[in-house]
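User: Can you walk me through the packing in this one? I'd like short answers that show the reasoning.

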Amino acid sequence: MLPRIVSSAALRSAVIGSSRRTHAVIVRRTAAVLPVPVIRNFHPTRSYVSSTKHTQAEYVNTVKDYGKTFDKILIANRGEIACRVIRSAKKMGIKTVAIHSDADANALHVQLADEAVNVGPAPTSQSYLSIPNIIAAIRQTGAQAVHPGYGFLSENAHFVKALEAEGVVFIGPSESAMADMGDKIESKIIAKASGVNTIPGYNGVVESIEHAKTIAHDITYPVMIKASAGGGGKGMRIAWNDTELVEGYKLAKQESLSSFGDDRLLIEKYIDNPRHIEIQVLGDKHGNVIYLPERECSIQRRNQKVVEEAPSVHIDPETRRKMGEQAVALSKHVGYSSAGTVEFLADSQRNFYFLEMNTRLQVEHPITEYITGIDLVEQMIRSAAGQELSIKQEDVGIKGWAIESRVYAEDPEKYLPSIGRLTKYIEPRDDIGNVRCDSGIVEGSEISIYYDPMICKLVTYGQTRDQAIATMQKALDEYVIKGVTHNIPLLREIVSHPRFQSGKISTKFLAEEYPEGFKGTQLDADAVKDLASISSVLWAKREVGKWAFTEGKGGASSKPPTEWSVWVNVAGGQNTEDNSTLITIRKLTDDEFEVSSPTYGTQVLSAAWPLETPLAHALFKDTGKKLTVQYLDVLPLGFKIQHLGSKFDVTIQNQRQHELSKYMIEKPKQDMAKFILSPMPGSVVSVAVKVGDVIAEGEELAVVEAMKMQNVLRSARAGKIKKINVQPGNAVAADEIIIEIDDEVKTE
């Protein structure tokens, strides 16, 4: 039965999908659906989708003849990578088909595509991972080829085989190359046979926990436990002893099965203080393979990349050549014919070892596009169509520096995902193409429990690394996200850290610099002074605005206020001490003010801030320092400000309010140690205790999974289990009480 064809306008009110259907609605979009800005001379390093307006971009091919490729392709993915593929396809004059789950019916990638097909309910196993449903969508739309993006089915050889059976082209490597390189065990054997440097380890599947112990004792701790079919940090654990090995083995096996449908594991030697360096390769179906400059992805948290850059400060031309040649040798060995990435670990002496090969487009591909000017998605499409590579190795160079920050909906202090609706969303921009935002959302979009919580890949460019860093700092300061918790405080801290700026980093950077975890921004005395000064000026501008609305209508005899004395205190991040100071503000012009206090002295600054808008830009006249702050919310006495990525409560009081504040009694804090709360929305994987059990401090009580990452919940105290409110399979909300612990008992 063919799906019903409806207009885009009808889509929003349609009841779409059910657990028993493999498809529901194809949407054929018309020009009337969304405003259509015409974008000429497309460049892969620029983002053309406005996040502040619901726009559908149309790309006019005025650049070159791309040759015969495909009339229509289907993108078997969602979010920002689906939008990214659509951009290049439209540039090349190719029609696009989006797929979506029930939860993504109104997503941006659905709006940007020429057609869209519902492939099932929100859970990925019933939609984006359902090969039968996607094959049905291909048949319905007549798509000639499929681009898988990354994640989901992008490295699934069975999917490639299913497409071949349909006579549909997979925009990626061959089934055999994917099978060889997608299996971490097999790929290591092949890499060694190709003359690629490899890490000591066990070349086979780990059969059991006891087998894992035997391997670990043979190659000696520390060891890395990895999912054979995995990537992206999922199904990966580091163990320094037998105890950690047992726990890591269990969690890695569960995560691997959940994420990839394959729980096979391998174990290899863990290289301490390594740098994560990867080489981008491009191949065609005529046996040609080239390598592009390296990317460094050493800033990681729990084996997941946070900040990437290209090129690497650590790699010299000779090492780059050796790594590139080994990557090409491996690719040719398996007949690789698309974009792929060979990952290495490099030590301080630039010795490097094969880690794995990702047989797909990488998340961080934009930084390579920036420094080479090569559209990697375009190259994948052309290669899949049978075209020969038009780029020779000698044509590849390095121009400038690019940095990518992965902006996630997560609490950076707890490292837990956040869900919700984006009530305010403004991406940073510039006029010269040095800021790129690869996102798949707009203001009003929902970050759901079902999918990866990435908001955007924020990429900045400069002729030098310092310029790229400075642009990244400014872009992060101007990135407005409200409605969900985000990790911009951590990203801003990383790119401003002296060690990062020096380039002396490793994959242990975050663990070493924040051994107790990231706790928010710590403002020094100068930063507190700056923020207090800016905040007092914003407060004064609001007071003038209030006067204009009320008193200003009283005629010529009514004069606007020009001077105020207030007490200002800045609290937030790691700044918990009272720093209240009396500040006198004098209005000099509409935007220029003099701020003075016994603590901070006197300074003159201007503040460009249209009242109640999110961004305020301040210039300190004496020093020339420029700062950007975000005006977030009004508080009873002051307002909430975002500065250097972190949120601060700025209290502003008049003299009487300040005098009375000392008599305010703080609300006593409740002892929460006896409650085990779900740290995030998710589902309960397992419960390790029962009512009446006596437990020790630190004992595992339950495991909660969200967005395919499992989190072990442990007891913060010894005691007895009083009540269990959930069972495996239950959905839980953030901060929901899962288990209650009775008063502490002595254990023998």
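Here are a few questions and answers on cores, a helix and a strand.

Analyst: Quick ground rules: this is a predicted model, with local features needing pLDDT of at least 70 and side-chain atom pairs pLDDT 80 or more, while totals for chains, interfaces and linings use all residues. Residues are numbered from 1 along each chain as its sequence is written, and side-chain values use heavy atoms, leaving out hydrogens and water.

User: Which element gives the largest share of the largest nonpolar core?

Analyst: A nonpolar core here is a set of buried Ala, Val, Leu, Ile, Met, Phe, Trp, Tyr and Cys residues joined through side-chain atoms within 4.5 Å, with buried meaning under 20% relative accessible area (1.4 Å probe, protein chains only). This core has 39 residues, and Ile73, Ile171, Leu282 and Ile381 touch the most other members. Elements giving two or more residues include strand 5 (72-75) and helix 12 (376-384), but the largest share, 6 residues, is from helix 2.

User: How far apart are the end C-alpha atoms of helix 10?

Analyst: Helices are DSSP runs of H or I, at least four residues, and strands are E runs of at least two, numbered from the N terminus. Helix 10 has 17 residues (317-333), and the expected span is 1.5 Å times one less than that number. That predicts 24 Å, and the end C-alpha atoms agree at 24 Å.

User: What stands opposite Val570 in strand 35?

Analyst: Strands pair if DSSP finds at least two bridges between them. Strand 28 and strand 35 (646-653) run antiparallel with 6 bridges. Opposite Val570 stands Val650.

Methods. Buried < 20%, exposed > 50% of the residue type's maximum accessible area, 1.4 Å probe, protein only.
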